[in-house]
Amino acid sequence: MSACGRAALCLLFLLSLNQTLLCVTAGKILVWPAEFSHWLNMKIIIDELITRGHSLTIVTHSATPSVMTEQSPGYNVEIIQVPHSKKDVIDNFDNLLKHWTYDLPNTNKIQAFLKLTELIGSMLENNEVLCRELFAREDLLEKWRKERFDVLLTDPTLACGELLAQKLNLPFINSLRFSFASVIERLCGQLPTPPSYVPAVGMGYTDHMDFPQRVKNMLFIFLLDMTYNLMAKLKWDQLATEVMGKPTTLCDTIGKADIWLIRTYWDFEYPRPLLPNFKFVGGLHCKPAKPLPKEMEDFVQSSGDNGIVVFSLGSMIKNLTKERANTIASALGQIPQKVLWRYIGEKPEALASNTRLYDWIPQNDLLGHPKTKAFITHGGTNGIYEAIYHGVPMVGLPLFADQPDNINHMKTKGAAVMLDFNKIETNDLKQAVNDVINNPFYKESMMRLSRIHHDQPMKPLDQAVFWIEFVMRNKGAKHLRVEAHNLTWYQYHCLDVAAFLLSVIALVVFIFVKTCTWPFRKCFRKTPAKSKKE
């Protein structure tokens, strides 16, 4: 056989070997995703799992506004019918966003809090309805048992994925940025959170807190834990008990997760203790920039040496008040850079010629463009990580949820300027953009974070997929879960040990005092008797 023939034979052998290995390692994964940006992050992982030969089944509901429900060559979709509509879900979220953005900072705090509670309660009600409809489908549950899935991938911000995993006796993996104020990670995942230097999400503190801040941080964490435990006990624990057929709490069920994929990294987080089954995968969606569409590239190139500013408040902000839009447009019109603004709404009257509006922009590709000087953002985790990936300093206009905390992290690390969306004036935004662009401190700080992000032994997406496959190969990862899950709260804090040691110390002191005072008491008793005799 000729050399070419032998080479071709070897190549065929390697290809066949690769296919054999692919068949051996491919598995079956059940997915319980959340909505909006949470789905986008999980979709990245799903697509990568598909390319590696795995078979995926996605469980969603008939009112989903974001999960792709059409069948794909890579995955199957199972749709749970619910009584509410897609419009109901979007309206609930829009109302929550509007209230959090505009009403909460400007109305009576008690009224605003009650309204916020009502809106969140409505969303939780839909979640509970979905859970009950899911577990009413015995036909689907039996079908999934027969399919013998290897693992379940879920986002705990939409409850019931963990219950589904327990019902099907599957190992499962949580994927999230963080839960509300990190309550789920702290209480259910047993993640150590010393309030002395780990700031609660929403407080706006750093890991350097003075005494009053530590007092407020500790009280805030205590209040949040009490609120979550009360809410879980009144609503979710009863449902969990019904589903499992035995006394069960939702938090204990969530805590059974084999791996937690956390969508941040040390380029963003303050140093803190982690557990072996908590893995950072921040920026898993980031990738090198691709060429821009010709019309957009021409506009970018027309900026000359001044460069461009990319501006986006995310996919959920469809409109701004007329006053806010004109304030922003006026500020952008006074900077020398060209501005690409993702904006869906009425064109601002103050819009200048250097600013162009787009219904959609290729944000990652724009941030990776060499002419990009700054990024004006609401502070979503996806956008922040794209900016870190490409080394673009930011001006933050946080609106709600985790966004103020995200921007505050970047401000603390010297990579962003943070402004109050409801209070900014034209000059505030103009000055912030000019500072971020012209002060080298911000660019240098962001480039340092970018170097940290890229200096990892494994890419974030590969890390996420590795741990999913690790759980599949090993039928779980219980060996990485700490024993704290099996301790009571007083055992975890060693209060029983402290009580025992204090009891021993008290007993020793008591015996010592009694022993030392006995001779004195004896002498004291004899003296009066002697005097009387005399």
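# A walk through the contacts

The side chains of lysine 478 and aspartate 258 come together in a salt bridge, with 3.4 Å from N to O. This contact reaches between distant parts of the chain, as the two residues are 220 residues apart. Lysine 478 sits in the loop between helix H17 (460-473) and helix H18 (489-492), while aspartate 258 belongs to the loop between helix H9 (250-254) and strand E6 (259-262). Their surroundings are worth a look too: lysine 478 is partly exposed at a relative accessible area of 46%, whereas aspartate 258 is buried, at 0%. Keep in mind as you go that this is a predicted model.

That pair is one of 21 salt bridges in the structure. Side chains of opposite charge can pair when their charged atoms come close. Take glutamate 295 and arginine 356, whose closest N and O atoms are 2.7 Å apart. Glutamate 295 is part of helix H10 (residues 294-301) and arginine 356 is part of strand E10 (residues 355-358), so this bridge ties together parts that are 61 residues apart in sequence. Glutamate 295 is partly exposed, with 42% relative accessible area, and arginine 356 is partly exposed as well, with 33%.

Some salt bridges share partners, and that is how Glu125, Glu128, Arg132, Lys235 and Glu242 get joined into one network.

For a bridge within a single helix, go to H5 (residues 138-147), where arginine 145 and glutamate 142 lie three residues apart, about one turn of the helix. Their side chains meet in a salt bridge at 3.3 Å, N to O. Arginine 145 is partly exposed with a relative accessible area of 32%, and glutamate 142 is partly exposed with 36%.

Now for the strands. How many of the five residues of strand E1 (residues 28-32) are buried? Four of them are, so E1 is largely enclosed by the rest of the structure. E1 has strand E2 (residues 55-61) as a partner, and the two run parallel, joined by four bridges. Within that pairing, leucine 30 stands opposite threonine 57 in E2. To get from E1 to E2, the chain passes through helix H2 (residues 37-51), and the resulting β-α-β crossover is right-handed. E1 also pairs with strand E4 (residues 151-154), again in the parallel sense and over four bridges. Here you'll find tryptophan 32 standing opposite threonine 154 in E4. In a regular strand the side chains alternate between the two faces of the sheet.

From E4, it's a natural step to the disulfides, of which the structure holds two. A disulfide is a covalent bond between the sulfur atoms of two cysteines. One of them joins cysteine 131 to cysteine 160, with an S to S distance of 1.8 Å. Cysteine 131 is in helix H4 (residues 109-136), and cysteine 160 is in the loop between E4 and helix H6 (161-167), so to speak a link between distant parts of the chain, 29 residues apart. Both cysteine 131 and cysteine 160 are buried. The link has 135 degrees about its S-S bond and is right-handed.

The disulfide between cysteine 188 and cysteine 251 has its sulfurs 2.0 Å apart. Is this one left-handed or right-handed? The torsion about the S-S bond is about -115 degrees, so it is left-handed. Cysteine 188 lies in helix H7 (residues 183-188) and cysteine 251 in helix H9, and the two are 63 residues apart. Cysteine 188 is buried at 2% relative accessible area, and cysteine 251 counts as buried at 13%. Number the bonded cysteines in sequence order and the pairing reads 1-2, 3-4.

Two further cysteines deserve a mention. Cysteine 494 is partly exposed, with a relative accessible area of 43%, and cysteine 516 is partly exposed too, with 34%.

Finish on the surface, where Val497, Phe500, Leu501, Val504 and Val508 form a nonpolar patch. Together they offer about 440 Å² of accessible area. Phenylalanine 500, one of the patch residues, lies in helix H19 (residues 495-533). Why does phenylalanine 500 count as exposed? Its relative accessibility is 54%, and the exposed class begins over 50%.

Methods:
Residues numbered from 1 in each chain as written. Predicted model: local features only at pLDDT ≥ 70, side-chain atom pairs only at ≥ 80, totals over all residues. Heavy atoms only, no water. Salt bridge = Lys/Arg side-chain N within 4 Å of Asp/Glu carboxyl O. Buried < 20%, exposed > 50% of the residue type's maximum accessible area, 1.4 Å probe, protein only. Patch = residues over 30% accessible without salt bridge, like charges linked within 9 Å, V, L, I, M, F, W, Y side chains within 5 Å. Areas by Shrake-Rupley, 256 points an atom, 1.4 Å probe, with all protein chains shown as cover. Pairing = 2+ DSSP bridges. Right-handed = clockwise from strand over helix to strand, strands pointing away. Disulfide = S-S within 2.5 Å.
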